[in-house]
Amino acid sequence: DAIMPFAARIPRGLRVRSASAVVQRVAAAAHGPSAATTGGDLGVDAIEALFSRWVRMVHGAPAAREGVPEDAAFAAAIVLLRECMHHLRWAALRWQP
């Protein structure tokens, strides 16, 4: 709800770039360890699939099986990124080393 007043000001299909360490971890969890060193795009589908894996882990699936970190920083990142993708209509998030 807090971001919705700003959504109209953000152009649809925005491609966001980040060099954040937590986005690097999200990229690695979504696309494998090589994504953590090479960079690449995280689209809506990749974030949604990773969020679904995280939800399964929260509901009891072993984190190792789902391939997602268990810490609070990762949880906050995946929830916030998912919200931005959906409500702010980001097309992709690019992690760049």
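## Around helix H6

The buried residues of H6 pack against four elements: helix H2 (21–31), strand E2 (40–43), helix H4 (44–58) and strand E3 (90–95). Keep in mind that this is a predicted model.

Which residues of H6 are buried? They are Phe-74, Ala-75, Ala-77, Ile-78, Leu-81, Cys-84 and Met-85.

Let's look at the helix itself. H6 covers residues 72–87, so with 16 residues at 1.5 Å a residue it should span 22 Å. The C-alpha atoms at its ends are in fact 22 Å apart, which agrees with that expectation.

Now for the two ends. At the start of H6, Asp-71 has a side-chain oxygen that reaches to within 3.3 Å of the backbone nitrogen of Ala-73. On the other side, H6 is followed by Arg-89, and the phi of Arg-89 is positive, near 60°.

Next, the partner helix H2. Two packed helices are described by the angle between their axes and the distance between the axes. How do the axes of H2 and H6 cross, and within what distance do they come? They come within 10 Å and cross at roughly 80°. Since angles of 65 to 115 degrees count as roughly perpendicular, H2 is therefore roughly perpendicular to H6. On the H2 side, the meeting residues are Val-22, Arg-25, Val-26 and Ala-29. On the H6 side, they are Ala-73, Phe-74, Ala-77, Ile-78 and Leu-81. Sort the residues of this contact by type and you get eight nonpolar, no polar and one charged. Phe-74, Ala-77, Ile-78 and Leu-81 also turn up among the buried residues of H6.

Two single residues deserve a look of their own, one in H6 and one in helix H5 (residues 63–66). Here is how they sit in the model:

| Residue | Helix | Relative accessible area |
|---|---|---|
| His-87 | H6 | 32%, partly exposed |
| Glu-66 | H5 | 8%, buried |

Why does Glu-66 count as buried? Its relative accessible area is 8%, and buried means under 20%, so Glu-66 falls in that class. Leaving aside neighbours within four places in sequence, Glu-66 is in contact with Arg-53, Arg-56, Met-57 and Ala-61.

His-87 makes contacts with residues from another part of the chain. Leaving aside neighbours within four places in sequence, His-87 is in contact with Ile-3, Met-4 and Ala-7. Take Ile-3: His-87 and Ile-3 are 84 residues apart in sequence, yet their C-alpha atoms are 7.8 Å apart in space.

Key
Residues are numbered from 1 along each chain as its sequence is written. This is a predicted model: local features need pLDDT of at least 70, side-chain atom pairs count only at pLDDT 80 or more; totals for chains, interfaces and linings use all residues. Side-chain values use heavy atoms; hydrogens and water are left out. The expected span of a helix is 1.5 Å times one less than its number of residues. Buried means under 20% relative accessible area, exposed over 50%, partly exposed in between (1.4 Å probe, protein chains only). Contact means heavy atoms within 4.5 Å. A polar contact is a pair of N or O atoms within 3.5 Å; within protein, one must be able to donate a hydrogen and the other to accept it, and residues adjacent in sequence count only if both atoms are side-chain atoms. Axes are lines fitted to C-alpha atoms, for helices over the stretch in contact, and angles run from 0 to 180 degrees between N-to-C directions. Angles under 35 degrees count as roughly parallel, over 145 as roughly antiparallel, 65 to 115 as roughly perpendicular and the rest as oblique. Ala, Val, Leu, Ile, Met, Phe, Trp, Tyr, Cys and Pro count as nonpolar, Asp, Glu, Lys and Arg as charged, and the others, Gly among them, as polar.
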